[in-house]
Amino acid sequence: MKSTFKRIVKLLETRRTCTQGDAEIIRLFCVAVDRQKRALEHITAEGEICAYTRLDSNGQPHEVWKENLWLKVCTDAEKLQLAALDRLGLTPLNRGKIKPTKEEPKPDADAAALFSRAAEQQPLDDEIDLNSIDETKVVM
């Protein structure tokens, strides 16, 4: 599951469409992939059509051939995978609906100087020094 998660994240990152909100959808996709893999192992071993024993109204056992119960698990997992891929924009139909994330701007020299301590504003000469005010003479 971990390798599937990393593969999808890497694919989204190369397209610049990966966000933190996608984590749960990717997790659900990984669970569905794992579930489908386990179901396919059962289907491969047992076949798509299996013999099941069923009791009739008199309690007599009869062998009936039915679709393997694991086949529904497999198809449901495939549907979940497709839905997750659609929402992540990884299908041809929904590829254009997902907007790429903005690239983080690279810091330039002006921006670095703007946020540096040296750029802090020095008090203006016209400013009043508040420490020089005599509080006893202030009228309220």
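**Figure 1. Helices α2 and α3 meet in a left-handed crossing.** In this predicted model, the pair to look at first is helix α2, spanning residues 23–46, and helix α3, spanning residues 69–87. Their axes lie 8 Å apart, and the two helices pack at an angle of about 155°. Because of that angle, α2 is roughly antiparallel to α3.

**Figure 2. A closer look at the residues that α2 and α3 bring to their contact.** From α2 come I25, L28, F29, A32, V33, R35, Q36, A39, L40, H42, I43 and E46. Helix α3 answers with W70, L71, V73, C74, A77, E78, L80, Q81, A84, L85 and R87. Sorted by class, this contact of α2 with α3 holds 16 nonpolar residues, three polar ones and four charged ones.

**Figure 3. Q81, a residue of helix α3, in its surroundings.** Is Q81 buried or exposed? Its relative accessibility is 13%, so Q81 counts as buried; the cut-off for that class is under 20% relative accessible area. Setting aside neighbours within four places in sequence, Q81 is in contact with F29, A32, V33 and Q36. These four names may look familiar from the previous view, as F29, A32, V33 and Q36 are among the residues that α2 gives to its contact with α3.

**Figure 4. L90, in the loop between α3 and α4.** Helix α4, on the far side of this loop, covers residues 109–114. L90 is buried, with a relative accessible area of 13%. Which residues touch L90, once neighbours within four places in sequence are left aside? They are I8, L11, L12, R15 and L85. One of these partners, R15, is 75 residues away from L90 in sequence, yet their C-alpha atoms are 9.8 Å apart in space. Another, L85, also takes part in the contact of α3 with α2.

**Figure 5. Stepping back to the whole protein, with its four helices and two strands.** Starting at the N terminus, the elements follow the order α-α-β-β-α-α. The protein has 140 residues, and 18% of them count as buried; Q81 and L90 are both in that class. Taking the contacts between residues at least 6 apart in sequence, 52% join residues at least 24 apart. The exposed area of the protein is about 12000 Å², with carbon and sulfur atoms supplying 55% of it.

Key:
Residues are numbered from 1 along each chain as its sequence is written. This is a predicted model: local features need pLDDT of at least 70, side-chain atom pairs count only at pLDDT 80 or more; totals for chains, interfaces and linings use all residues. Side-chain values use heavy atoms; hydrogens and water are left out. Axes are lines fitted to C-alpha atoms, for helices over the stretch in contact, and angles run from 0 to 180 degrees between N-to-C directions. Angles under 35 degrees count as roughly parallel, over 145 as roughly antiparallel, 65 to 115 as roughly perpendicular and the rest as oblique. A crossing is left-handed if the near helix is turned anticlockwise from the far one by less than a right angle, and right-handed if clockwise. Contact means heavy atoms within 4.5 Å. Ala, Val, Leu, Ile, Met, Phe, Trp, Tyr, Cys and Pro count as nonpolar, Asp, Glu, Lys and Arg as charged, and the others, Gly among them, as polar. Buried means under 20% relative accessible area, exposed over 50%, partly exposed in between (1.4 Å probe, protein chains only). Accessible areas come from the Shrake-Rupley method with a 1.4 Å probe; for residues, only the protein chains shown count as cover.
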